[in-house]
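Welcome! Here is a short briefing to read alongside the structure.

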Amino acid sequence: MNNNPIQWYPGHMEKARRQMADSLSHVDLLIELRDARAPLSSANPLIMQMVNQKPHLIILSKADLADDKISQKWITYFSSLGKEALALDVNKDDVRKILSDKIRAMLKAKIEKAKERGIRNKTLRVMIAGIPNVGKSTLINRALKRKALKAENRPGVTRSLLWVKLSDDIELLDTPGVLWPRFDDQEAAYHLVLIGSLNPQIIDKEPIIAYGLDYYYKHYPELLKKRYDLDDLKGDLLLKIGQNKGFVSSEGVKKKQVREYLFNEFKDNLLGKMSWEDEPHK
Ligand SMILES: Nc1nc2c(ncn2[C@@H]2O[C@H](COP(=O)(O)OP(=O)(O)OP(=O)(O)O)[C@@H](O)[C@H]2O)c(=O)[nH]1
Ligand SMILES: [Mg+2]
């Protein structure tokens, strides 16, 4: 626990949250995107409040960046809680088919009921929600097979709610990324910065970089060795990486520059597939 919680909740997020709550009555299914590398920190309590009575599907996005074994453990974990969950790599998977099939399967009872009342091709309305930068708009673009929505690798790209038609029977609602008002859990805030969902401007970067380096040291030593040409991981790693990567002046290794370099390396996942959070032990 941190005594000095990080507080950050821009006005546009509160506006989006209110609009999402208002739209819920028109929605049949809520798809919540979480980053496969940090499925707990990227969950949103504000979205969880909306889940209540709606069928709810968790999609672990960016599965191509995450540790496959750990993603699998997360899916098993969510299933054990009775939650629907799947991991997705939007660059490889047939998003249109996976999404359409899953939506129709989860809403089967609703479709049947409509049929009994003589309604064929009932429109299924699906809200796509999640914290910033988890890939909501990209998921919709891939499903539509065209670039209908703006998507960029930074938080806060989508600013308003927008319905798009996937097929005769399915409509998807893109929503702005929404975070929550305060972070009591500092590690969670670090994870959000490291997956690109929280702007680092509001947090001191240095402890995040130290955390990241230590995490790789403990969980992915081989990735560190390979990426930075290290024979072993003894001694001052920052110094060794600085030397190997040429961040050196006449006064020695330029640690500030090494830190900045490592921060971008971690954020861009350049060391290889990895996850910041293992599935919780039961
Ligand atoms: N590697 C990888 N990158 C992805 C995947 N899905 C999305 N991205 C990238 O993640 C970044 C953010 O994507 P967006 O679709 O803009 O994310 P968003 O959730 O709509 O973000 P906001 O609108 O800011 O809330 C983009 O650079 C995407 O290319 C994925 O499955 N794998
Ligand atoms: Mg978006």
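## Two domains and a helix with two sides

The centres of domain 1 and domain 2, taken over C-alpha atoms, are separated by 35 Å. This is a predicted model. The points below begin with the domains, then turn to helix H8 and to Glu187.

**Domains**
- The domain assignment places domain 1 at residues 6–182 and domain 2 at residues 204–267.

**Helix H8**
- Helix H8 runs over residues 205–219, and its end C-alpha atoms lie 21 Å apart. This agrees with the 21 Å expected for its 15 residues at 1.5 Å a residue.
- Ile208, Ile209, Gly212, Leu213 and Tyr216 are the buried residues of H8. Because these buried residues cover an arc of only 130° around the axis, they sit on the same side of H8.
- A general rule helps here: an α-helix has 3.6 residues a turn, so residues three or four places apart point the same way.
- The other side of H8 carries exposed residues: Glu206, Pro207, Asp214, Tyr217 and Lys218.
- The cover over the buried residues of H8 includes H7, helix H9 (221–227), helix H10 (237–245) and helix H11 (255–267).

**Glu187 in helix H7**
- Glu187 is found in helix H7, which spans residues 186–194.
- Is Glu187 buried, exposed or partly exposed? Glu187 is partly exposed, because 16 other C-beta atoms lie within 10 Å, while a buried residue needs 20 or more and an exposed one has 12 or fewer.
- Glu187 and Ile208 are 21 residues apart in sequence, and their C-alpha atoms are 8.8 Å apart in space. Ile208 is one of the buried residues of H8.

Definitions and conventions: Residues are numbered from 1 along each chain as its sequence is written. Chains are lettered from A and ligands numbered from 1 in the order in which they are written. This is a predicted model: local features need pLDDT of at least 70, side-chain atom pairs count only at pLDDT 80 or more; totals for chains, interfaces and linings use all residues. Helices (H or I, at least four residues) and strands (E, at least two) are DSSP runs, numbered from the N terminus. Domain bounds come from an automatic or database domain assignment. The expected span of a helix is 1.5 Å times one less than its number of residues. The arc is that of the directions from the helix axis to the C-beta atoms. Two residues are in contact if their C-beta atoms, placed from the backbone, lie within 7 Å.
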